Amino acid sequence: MALRKIVYIEDELLRKKSRPVEKFDEKLHKLLDDMAETMYHANGVGLAAPQVAVLRRVVVMDCGDGLIEMVNPEILETEGEQDGAEGCLSVPGRRGMVKRPMKVRARFQDRNGEWYEIEAEELLARCIMHETDHLDGQLYVDIMSREIFEDEEEEAEEDGE
Ligand code: NI
């Protein structure tokens, strides 16, 4: 495994649409392993392949319940709404408020090409939406309702919110 270099918001690669994975080979497995290592090393909860300069439909995430790898993920259905803070490893030092669905049903392939379906809520639903957006060249800053400033988060903590 190896750490990959994360590309940042100015990079136009982040604005491109990623292509579906067709070969479930050693190269894909290496990409998934490297992406997980890179995500954990950067203390992130999710990472999409374009963030490491690979324009393929591959994401990894860990919202606290272990590593999830998704190849060719597709959102099938969404329900409800949640408003919450979001950040991105490609947008360091910033956070913003983003409205996302409360529930998401998605399908995806694993590293061997097997199809799965997942129903996710709350943080995991948010994470799936954020990461699949990356595959279509969209960043959370495009759809956030407002920026969150550091002193504001400290104040909120002091208030016990
Ligand atoms: Ni991101």
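## Exercises on fold and charge pairing

With 161 residues, a compact globule would have a radius of gyration near 15 Å, and the protein chain, at 16 Å, agrees with that. The model is predicted.

**Exercise 1.** State the overall make-up and extent of the protein chain.

*Solution.*
- Start with the elements: the protein chain has four helices and eight strands.
- Next, read their order from the N terminus: α-β-β-β-β-β-β-β-α-α-β-α.
- Then take the extent: the C-alpha trace spans about 50 × 35 × 25 Å along its principal axes.
- Turn to contacts between residues at least 6 apart in sequence: 66% of these join residues at least 24 apart.
- Finish with burial and surface. Of the 161 residues, 45% count as buried. The accessible surface comes to about 9,000 Å², and 46% of that belongs to carbon and sulfur atoms.

**Exercise 2.** Describe the charges of the protein chain and how many salt bridges the structure holds.

*Solution.*
- Count the side chains: 21 are positive and 39 are negative.
- Locate the two sets: their centres lie 9 Å apart.
- Recall the principle: side chains of opposite charge can pair when their charged atoms come close.
- Count the pairs: the structure holds 15 salt bridges.

**Exercise 3.** Analyse the pair glutamate 12 and lysine 16.

*Solution.*
- Check the distance: the closest N and O atoms are 3.7 Å apart. The cut-off is 4 Å, so a salt bridge is assigned.
- Check the cover: glutamate 12 has 59% relative accessibility and so counts as exposed. Lysine 16, at 38%, counts as partly exposed.

**Exercise 4.** Work out which elements the salt bridge between glutamate 74 and arginine 107 ties together.

*Solution.*
- Begin with the contact: the two side chains meet at 3.1 Å, N to O.
- Place the partners: glutamate 74 lies in strand 3 (residues 68-79) and arginine 107 in strand 6 (residues 103-109), so the pair ties together parts 33 residues apart in sequence.
- Add accessibility: glutamate 74 is partly exposed at 32%. Arginine 107 is partly exposed at 30%.

**Exercise 5.** Are arginine 100 and aspartate 133 buried or exposed, and which network do they join?

*Solution.*
- Begin with the contact: their side chains form a salt bridge at 2.9 Å, N to O.
- Place the partners: arginine 100 sits in strand 5 (residues 95-100) and aspartate 133 in helix 2 (residues 122-135), so this pair links parts 33 residues apart in sequence.
- Apply the cut-off: buried means under 20% relative accessible area. Arginine 100, at 4%, is buried. Aspartate 133, at 15%, is buried.
- Extend the pair: salt bridges with shared partners join Glu86, Arg100, Arg126 and Asp133 into one network.

How values were computed: Residues are numbered from 1 along each chain as its sequence is written. This is a predicted model: local features need pLDDT of at least 70, side-chain atom pairs count only at pLDDT 80 or more; totals for chains, interfaces and linings use all residues. Side-chain values use heavy atoms; hydrogens and water are left out. Helices (H or I, at least four residues) and strands (E, at least two) are DSSP runs, numbered from the N terminus. The radius of gyration is taken over C-alpha atoms; the globule rule is 2.2 Å times the number of residues to the power 0.38. Buried means under 20% relative accessible area, exposed over 50%, partly exposed in between (1.4 Å probe, protein chains only). Contact means heavy atoms within 4.5 Å. Accessible areas come from the Shrake-Rupley method with a 1.4 Å probe; for residues, only the protein chains shown count as cover. Lys and Arg count as positive and Asp and Glu as negative; His and the chain ends are not counted. The place of a charge is taken as NZ of Lys, CZ of Arg, CG of Asp or CD of Glu.
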